[in-house]
Structures are given as C-alpha cells and as structure tokens.
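Dear colleague,

I am passing on the structure we spoke about, and below it I have written out what was found in it. Please read the notes with the structure open beside you.

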Amino acid sequence: MENEVKNKIPSLSDYIYILFKWKRFLIVNLLVVGLITTGLVFLIPNQYKATATIMIPPDNQMGLGGLSSLLGGKSSIASMGSKLFGVSNTSEDLLLGILNSRTALVDVINKFNLVEYYEIDDNNFDEVLKAFRSDLYSNPNEFGMIEFSVINKNPNVSAKIANYLVTLVDSMNIEFNIQRAKNNRLFIEKRYLQNVADLKKAEDSLFKFQKKYGIVAVPEQLEVTVKAAAEIESELMKKEMESYFVLNGYGETSPQYLGLKSEIDLLKKKVQELKNSNDLGSSSNILFPFKQMPNIAMQYLRTYREVEIQQSILEIVLPMYEQAKVEEQKSIPTIMLIDKATVPEIKYSPKRSVIVIGMLFLMLLFLIPAIFVFEHTLSLKEFKNPLQQKLYSLAVKISKFYRLRF
C-alpha cells in the first residue's frame with residue numbers, strides 16, 4: 001500500500017499545494033525583484049520621438065523634368081527617354097536611400113554633436129552611426145507619404161533633427177537632380193553636335209550631287225525627261241507616216257520628202273541622245289539621258305534620304321537639348337513638407353510597466369521550477385551524489401530563512 005502511495009502520480013492539486021507551501025518564498029522574491037526593477041527602470045532616461053511627414057509632388061519627374069512631357073504623345077520615344085535618364089516609379093526609394101546614406105547621417109551627427117550624445121568609447125564613428133541609425137526611422141506610410149522619425153532624450157533636439165533631415169534630403173536631392181541633369185545635358189549635347197555634323201555632311205553631299213548633275217529635284221526633272229522623250233517619239237512616228245505617203249506620191253527626190261527625211265533624222269538623233277548620250281546634262285539642266293537615270297535616281301535618293309534622316313533626328317534632339325540645359329539650372333524644391341516635426345510631449349520609451357511585468361514573469365519562470373526542485377530534494381531520504389546533498393542543504397537554509405513549515 002505504501003509503495004502505491006509513493007508511486008502515485010502528482011495531481012494539479014499537489015502542485016498547487018507545493019506552491020502554496022512556498023508562497024512566502026515566492027512572494028518575497030517577486031517583491032524584491034519588482035522593487036529593484038522598478039527602481040532601475042526609473043533610472044533609464046525618457047526617449048522622445050518626433051516625426052515629420054513629406055511627399056513627392058505628383059508632377060516631379062526626379063531628374064528628367066520636362067523632358068518626358070516634351071516628348072509628348074510619342075509613347076515609344078517617351079518610354080526610351082524614361083529608360084535613358086533613369087526615371088522610375090521608385091522616387092520614394094531614392095529619397096530613403098539619400099536619407100540613409102553615410103553622407104546625410106554624418107552631416108546630422110556633426111551638426112547636432114551626436115558623438116558626445118551617444119558617449120561611445122574611443123569616439124568610434126562607425127559605432128555612432130550604428131547608434132544613430134537605431135534611433136532613426138524612415139518608411140512610407142499607407143498613404144504613400146514618407147515619415148521621418150527621430151528618437152532622442154531631448155524632445156526639442158528630436159524635433160530639430162527630424163526637420164533638419166527634411167531640409168537636408170531636399171537639398172541633397174536637388175543637387176543630385178542637377179548633377180543628373182548635367183549628365184543628361186552632356187549626353188544629349190554630344191548627340192546633338194554629332195547630329196549637326198552629320199546633317200552638314202549630308203547637305204554638302206546633296207549640294208555636290210546637285211552641282212555635278214545640275215539637278216534640283218530629281219523626280220520632277222526625270223518626269224520632264226520622260227515626257228520630252230514621249231513627245232519626240234510621237235512626233236517621230238508622225239513624221240515617218242507622213243514621209244511614207246510623200247514618198248509614194250512624190251518620190252525620193254522630191255523636196256517634200258527630203259524635208260521630212262531631214263526632220264526624221266533630227267528626231268531620231270534627239271531620241272538617241274536622250275537614251276544614250278553622256279553629254280546631254282552639259283547642254284540642258286532639265287533633260288537627262290535614260291542611260292544615267294537609274295544611277296542618278298539611286299544616288300539622289302540615298303543622299304536625300306540621309307538629309308531627311310538627320311533632319312528628323314535634329315527635330316527630336318534639339319528640343320531635348322534645350323530642355324536639358326533648362327533642367328540643369330533648376331533648383332526648385334523636390335519634396336513637399338506635409339507635417340513639420342513638433343516637439344513631442346509624450347515619451348516614446350521606456351515602457352516601464354512592460355519592463356517590470358516582463359522581469360516578474362521571467363522571475364516566475366525561474367522560481368517555480370526551483371520550488372519543485374527544492375521540494376523534491378527535501379523529500380529524499382538518501383542522496384545518490386554530492387549535488388543532491390548540496391541542493392538539500394540549500395533547500396533547508398531557504399526554508400529556515402523564510403520560516404517555511406513542512
């Protein structure tokens with residue numbers, strides 16, 4: 001029967017009874033820890049959080065400026081321009097990147113003497129940067145705006161830093177946009193100057209071609225040549241028919257036939273000149289031999305096409321070049337301040353009640369298992385190892401100190 005009692009599995013009431021028996025030990029330790037923790041947390045200085053809210057103007061192109069609008073409805077060119085100049089829909093990421101850059105953070109640290117504020121040993125600047133980053137929060141909110149939050153022991157300083165960050169990010173972004181606009185201008189300027197040189201070269205080639213062949217407008221002049229040839233051929237056929245009838249009526253030696261024959265020979269000569277002569281261009285600025293027409297037409301089309309291509313490129317590049325020069329001179333604000341950071345009146349941290357409750361909870365997690373270990377050790381009749389002997393001695397001392405009854 002005794003063995004059954006000894007091997008009985010403890011119930012919940014047994015555990016509750018043990019805790020009740022050790023209640024003085026539990027309560028006193030919790031009170032001591034609670035009082036010590038409370039005293040310590042009040043030594044932790046208050047931290048204040050100041051927040052400034054900004055947004056990017058909807059029409060701000062972040063560096064491309066008016067170039068995209070200048071491209072107008074030419075969607076393919078506008079798309080090319082956006083890729084060319086790095087325009088994207090992540091302007092918020094760009095601002096956040098500027099804010100978290102080492103340059104911006106070092107500027108703030110030096111301005112507000114944060115090296116002294118963080119009291120970093122050996123004035124390790126990387127440690128100061130790390131500490132400041134932990135007190136700096138910058139994230140887009142649910143409305144698409146960006147919030148700059150700064151935590152500092154001094155509420156006035158936290159507000160000043162947050163507002164200064166807005167000014168600093170704006171000035172750095174303006175400088176960044178101006179530099180990018182300068183790079184854009186240099187790129188477009190190079191292409192513009194190349195286009196001007198190519199256009200002049202094409203115009204010179206067209207001028208030389210026109211001067212060489214005496215051509216002003218190839219299609220029109222070739223059309224005149226074809227019409228002239230058709231009229232001569234028609235007149236030749238007419239004269240040949242007349243000569244046939246005159247030959248039959250008056251004979252080969254008649255003055256009428258000889259006159260027609262001279263006209264026919266002249267017309268035939270003109271037809272041959274139009275078809276094969278190489279000297280026709282020197283005697284006429286309008287008519288050209290058929291033999292040279294394909295070569296003239298091909299050279300003209302190639303030369304004229306190059307002029308048209310370079311002219312079309314100039315129509316696109318020149319406005320972009322002028323706009324790029326304007327963008328390079330712009331220094332207007334790139335962000336809008338929605339909410340200026342005000343001096344916070346309510347502390348942000350520490351959460352003293354949370355710290356105290358958390359410490360009491362951790363203490364419970366330590367004390368309750370310790371109580372069950374002590375209770376088990378006190379119930380032992382013999383000890384298997386020195387550790388159990390030491391635990392038994394400790395449990396006896398604790399029970400006497402807290403005047404526990406067993």
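A residue is called exposed when its relative accessible area is over 50%, buried when that area is under 20%, and partly exposed in between. Phe245 therefore counts as exposed, since its relative accessibility is 56%. This residue belongs to helix H11, which covers residues 218-250, and its C-alpha atom is separated by 9.0 Å from that of Tyr257, which is 12 residues away along the chain. Please keep in mind throughout that this is a predicted model.

To begin with the chain as a whole, it has 406 residues, of which 35% are buried, and it contains 16 helices and 4 strands. Its accessible surface comes to about 26,100 Å², and 59% of that surface belongs to carbon and sulfur atoms. If one takes the contacts between residues at least 6 apart in sequence, 75% of them join residues that are at least 24 apart.

The interior comes next. The largest nonpolar core has 32 residues, and the members that touch the most other members are Phe132, Phe148 and Leu165. Two or more residues are given to this core by each of strand S1 (48-55), helix H6 (91-99), helix H7 (102-111), helix H8 (114-118), helix H9 (125-134), strand S3 and helix H10 (155-213), with H10 supplying the largest share, 7 residues. Another core, of 13 residues, lies apart from this one, and among its members are Phe25, Leu26, Ile371 and Tyr402. To return to Leu165, its contacts, leaving aside neighbours within four places in sequence, are with Leu99, Val108, Leu136, Phe148 and Val150.

A polar residue that you may wish to look at is Asn152, which lies in strand S3, residues 146-152. Asn152 counts as buried because its relative accessibility is 3%, and its side chain reaches the backbone nitrogen of Asn154 at 2.9 Å. Not counting residues up to four places away in sequence, Asn152 touches Asn46, Gln47, Tyr48, Leu114, Tyr117, Val157, Ser158 and Ile161.

On the surface, Ile44, Ile355, Met359, Phe361, Leu362 and Leu365 make a nonpolar patch of about 540 Å². One of these residues, Phe361, lies in helix H15, which runs over residues 352-378.

The salt bridges come to 5 by the rule used here, and I describe some of them. Arg102 and Asp126 meet through their side chains, with an N to O distance of 3.4 Å; because Arg102 lies in helix H7 and Asp126 in helix H9, this pair ties together parts that are 24 residues apart in sequence. Arg102 is partly exposed, with a relative accessible area of 46%, and Asp126, at 47% relative accessibility, also counts as partly exposed. Within helix H10, Glu189 and Arg185 are 4 residues apart, about one turn of the helix, and their side chains meet in a salt bridge at 3.1 Å, N to O. Glu189 counts as partly exposed at 22% relative accessibility, whereas Arg185 counts as buried at 14%. Lys325 forms a salt bridge with Glu322, the closest N and O atoms being 3.4 Å apart, and both residues lie in helix H14 (residues 293-329), where they are 3 residues apart, about one turn of the helix. Lys325 is partly exposed at 32% relative accessibility, as is Glu322 at 37%.

Some details of the backbone remain. Ser349 and Pro350 are joined by a cis peptide bond, for which omega is about 5°, and Pro350 is placed in the loop between strand S4 (336-339) and helix H15. Asn113, although it is not a glycine, has a positive phi of about 50°; this residue is found in the loop between H7 and H8 and counts as partly exposed at 41% relative accessibility. Glu119, also a residue other than glycine, has a positive phi near 50°. Glu119 is found in the loop between H8 and H9, and is exposed, with a relative accessible area of 64%.

With kind regards

Key
Residues numbered from 1 in each chain as written. Predicted model: local features only at pLDDT ≥ 70, side-chain atom pairs only at ≥ 80, totals over all residues. Heavy atoms only, no water. Buried < 20%, exposed > 50% of the residue type's maximum accessible area, 1.4 Å probe, protein only. Polar contact = N/O pair within 3.5 Å; in protein donor to acceptor, adjacent residues only side chain to side chain. Contact = heavy atoms within 4.5 Å. Patch = residues over 30% accessible without salt bridge, like charges linked within 9 Å, V, L, I, M, F, W, Y side chains within 5 Å. Areas by Shrake-Rupley, 256 points an atom, 1.4 Å probe, with all protein chains shown as cover. Salt bridge = Lys/Arg side-chain N within 4 Å of Asp/Glu carboxyl O. Core = buried A, V, L, I, M, F, W, Y, C linked by side-chain atoms within 4.5 Å.
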